[in-house]
Amino acid sequence: MRDHSPYIEWILSDEPLPEASQSALRNHLAKCVDCRKVAAGWESARQVLTDATSAAPRNGFPQRWKALAESRAKAPNRRQVWVTLAPPALAFV
Ligand SMILES: [Zn+2]
């Protein structure tokens, strides 16, 4: 399995990346749908945070987001499993 950690680190970094890292990240994003999802999700989350200036994130927000992103990257089929299991569960409602 590919290791996405450095790329996720770069996506979530607030520091400007060195040119070499930027191009490595661009190359990886071109090939990796998981990291593209992380990048898109992070970008829209940051947009929401920027818009909602009165609602500052609690301490550790980037760390929590990173942990979530990494757990999703490790288990990309979790949602499909849930969808598969959902109909029988709903039959009892
Ligand atoms: Zn990746």
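Start by selecting Trp42: setting aside neighbours within four places in sequence, Trp42 is in contact with Ile11, Leu12, Phe61 and Trp65. Contact here means heavy atoms within 4.5 Å. Before you click further, know that this is a predicted model, in which local features need pLDDT of at least 70, side-chain atom pairs count only at pLDDT 80 or more, and totals for chains, interfaces and linings use all residues. Residues are numbered from 1 along each chain as its sequence is written, and side-chain values use heavy atoms, with hydrogens and water left out.

**Stop 1: around Trp42**

Stay on Trp42, which lies in helix H3. Helices (H or I, at least four residues) and strands (E, at least two) are DSSP runs, numbered from the N terminus. Is Trp42 buried or exposed? Trp42 is buried, at a relative accessible area of 4%. The cut-offs are under 20% relative accessible area for buried, over 50% for exposed, and partly exposed in between (1.4 Å probe, protein chains only).

Now add Lys66: its C-alpha atom and that of Trp42 are separated by 9.3 Å, with the two positions 24 residues apart along the chain counted as their spacing.

**Stop 2: the rings**

Show the aromatic side chains. How many aromatic pairs does a search of the whole structure find? The search finds 4. Rings of Phe, Tyr and Trp (its six-membered ring) pair if their centres lie within 6.5 Å; planes under 30 degrees apart count as stacked, over 60 as edge-to-face and the rest as tilted.

Select Tyr7 and Trp10 for an edge-to-face pair, 5.6 Å centre to centre with 85° between the planes. Both residues sit in helix H1, 3 residues apart, which is about one turn of the helix. Trp10 counts as partly exposed, at 25% relative accessibility.

Next, pick Trp42 and Trp65. This pair is tilted, at 6.0 Å centre to centre and 45° between the planes. It links distant parts of the chain, with Trp42 in helix H3 and Trp65 in helix H4, 23 residues apart. Trp65 counts as partly exposed, at 21% relative accessibility. Add Phe61 to the selection, and you have a cluster: ring pairs link Trp42, Phe61 and Trp65.

**Stop 3: back to Trp10**

Centre on Trp10 again. Not counting residues up to four places away in sequence, Trp10 touches Leu17, Ser21, Ala24 and Leu25. Try the C-alpha distance from Trp10 to Leu25: these residues are 15 apart along the chain and 7.5 Å apart in space.

**Stop 4: H1 against H4**

Colour H1 and H4. Two packed helices are described by the angle between their axes and the distance between the axes. The axes of H1 and H4 come within 11 Å and cross at roughly 145°. Those axes are lines fitted to C-alpha atoms, for helices over the stretch in contact, and angles run from 0 to 180 degrees between N-to-C directions.

Which residues make the contact? From H1 come Ser5, Ile8, Glu9 and Leu12, and from H4 come Pro62, Trp65, Lys66 and Glu70. By class, that gives 4 nonpolar, 1 polar and 3 charged residues. (Ala, Val, Leu, Ile, Met, Phe, Trp, Tyr, Cys and Pro count as nonpolar, Asp, Glu, Lys and Arg as charged, and the others, Gly among them, as polar.)

While you're in H4, click Ala67, which lies in this helix. Ala67 is partly exposed, with a relative accessible area of 45%. Ala67 and Ile8 are 59 residues apart in sequence, but 9.9 Å apart from C-alpha to C-alpha.

**Stop 5: the core**

Select Ile11, Leu25, Leu29 and Cys35: of the 14 residues in the largest nonpolar core, these touch the most other members. A nonpolar core is a set of buried Ala, Val, Leu, Ile, Met, Phe, Trp, Tyr and Cys residues joined through side-chain atoms within 4.5 Å. Helices H1 (5-12), H2 (19-31), H3 (33-51) and H4 (61-74) each give two or more residues to this core.

**Last stop: zoom out**

Show the whole protein chain: 5 helices and 0 strands. Buried residues make up 24% of its 93 residues.
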